[in-house]
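Biologist: I am new to this structure and would like to go through it with you. Could we have it in front of us before we start?

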Amino acid sequence: IDKTSMPLKITRDILLDTWSMDSVDWQPRRVGNAENNKIPSFIDKKINSMAFIQSRLCFLTDNSVVFSRVDNETDFWKRSATTTTSDDRIDIESRLLDTGAFRTLTAHDKDIVIFGDNEQWVIPIVSGLTPTGTALQLASRYDNYSNISPVTLGTSLAYPVWDGTYTQFREFYTRDDTSSNDSEDITAVVPTYITGRVRQVVSS
């Protein structure tokens, strides 16, 4: 892993009240080879979003989500070339040919929710994140802004969509009756209220 093309680390010195930015020494592959300990799928790809979830650092690319080893955010390799352990890295790629690029992700309720160009995906995490028990599930198909993260509204997420002239907002939530995910237009009664594109969304 080439640290010159990876995210940087920003550190605050509380005593001196200063900030510093440095490169990160990412762990090398210590066992196995390209067949039994493959390179992480974010290599040579643009990282669109980052998060820290359940003691794992997570990188999101156009078509994959990759989690580091547990309690070791600089290690994206397997510990053994012959077996897989629950704290190993997790690397999931979308296999749908018509998938829009993944853009943002956030932990919400009992899921990780990933917003793409025209889809919303979930990774259930109620039982924890493990290499063998983590799956990417398509939840809904709606276009949304590619560069704005959703915001939390109580038990749901709100995210903007663009129709070419106006911005509307949809609400992503889990149905109480079926435990399935859905998305509704919460600006349907005023679809032309917000003219143009929004640049940032906050909730209060």
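Biologist: How many bridges join strand 3 to strand 4?

Modeller: Strand 3 and strand 4 run antiparallel, and five bridges join them. Please keep in mind that this is a predicted model.

Biologist: Which residue of strand 4 stands opposite F52?

Modeller: That residue is L57.

Biologist: And what lies between strand 3 and strand 4?

Modeller: The two strands form a hairpin with two residues between them. Q54, in the turn, has a positive phi of about 50 degrees.

Biologist: What about strand 4 and strand 5, how do they pair?

Modeller: They pair in the antiparallel sense, over three bridges. L60 stands opposite V65 in strand 5, and a hairpin of three residues makes the connection from strand 4 to strand 5.

Biologist: Is strand 4 mostly covered or mostly open?

Modeller: Strand 4 is mostly covered, since five of its five residues are buried by the cut-off of under 20% relative accessible area. R56, C58 and L60 point one way from the strand, while L57 and F59 point the other way.

Biologist: Let us turn to the interior. Which residues of the largest nonpolar core touch the most other members?

Modeller: The core has 17 residues, and those touching the most other members are V65, F67, L105, I112, I114, I123 and L129. Several strands each supply at least two residues of this core, including strand 3, strand 4, strand 5 and strand 7 (102-108).

Biologist: What does L105 touch?

Modeller: Not counting residues up to four places away in sequence, L105 touches S49, M50, A51, I53, C58, L60, V65, I112, V113 and I114.

Biologist: Which residues are found in the second core?

Modeller: The second core is separate and has eight residues, among them M6, F42, L57 and F76.

Biologist: Changing topic, how many aromatic pairs does the structure hold?

Modeller: It holds eight aromatic pairs. In one of them, the rings of W26 and F76 have their centres 6.1 Å apart and their planes at 50 degrees, so this pair is tilted.

Biologist: Where do W26 and F76 lie?

Modeller: W26 lies in the loop between strand 2 (18-22) and strand 3, and F76 in the loop between strand 5 and strand 6. The pair therefore ties together parts that are 50 residues apart in sequence. Both W26 and F76 are buried.

Biologist: Why is the pair of F42 and F59 called edge-to-face?

Modeller: Their planes stand at 90 degrees, and an angle over 60 counts as edge-to-face, so the pair receives that description. The ring centres of F42 and F59 are 5.1 Å apart.

Biologist: Which parts of the chain does that pair link?

Modeller: F42 is in the loop between strand 2 and strand 3, whereas F59 is in strand 4, 17 residues apart. F42 and F59 are buried. Ring pairs also link W26, F42, F59 and F76 into a cluster.

Biologist: One last residue: is R69 buried or exposed?

Modeller: R69 has a relative accessible area of 8%, so it counts as buried. R69 lies in the loop between strand 5 and strand 6.

Biologist: What surrounds R69 there?

Modeller: Leaving aside neighbours within four places in sequence, R69 is in contact with S55, R56, D75, W77, R79, T85, D87, D88 and R89. With D87, the side chain of R69 makes a polar contact of 3.3 Å.

Notes: Residues are numbered from 1 along each chain as its sequence is written. This is a predicted model: local features need pLDDT of at least 70, side-chain atom pairs count only at pLDDT 80 or more; totals for chains, interfaces and linings use all residues. Side-chain values use heavy atoms; hydrogens and water are left out. A nonpolar core is a set of buried Ala, Val, Leu, Ile, Met, Phe, Trp, Tyr and Cys residues joined through side-chain atoms within 4.5 Å. Buried means under 20% relative accessible area, exposed over 50%, partly exposed in between (1.4 Å probe, protein chains only). Helices (H or I, at least four residues) and strands (E, at least two) are DSSP runs, numbered from the N terminus. Contact means heavy atoms within 4.5 Å. Two strands pair if DSSP finds at least two bridges between them. Rings of Phe, Tyr and Trp (its six-membered ring) pair if their centres lie within 6.5 Å; planes under 30 degrees apart count as stacked, over 60 as edge-to-face and the rest as tilted. A polar contact is a pair of N or O atoms within 3.5 Å; within protein, one must be able to donate a hydrogen and the other to accept it, and residues adjacent in sequence count only if both atoms are side-chain atoms.
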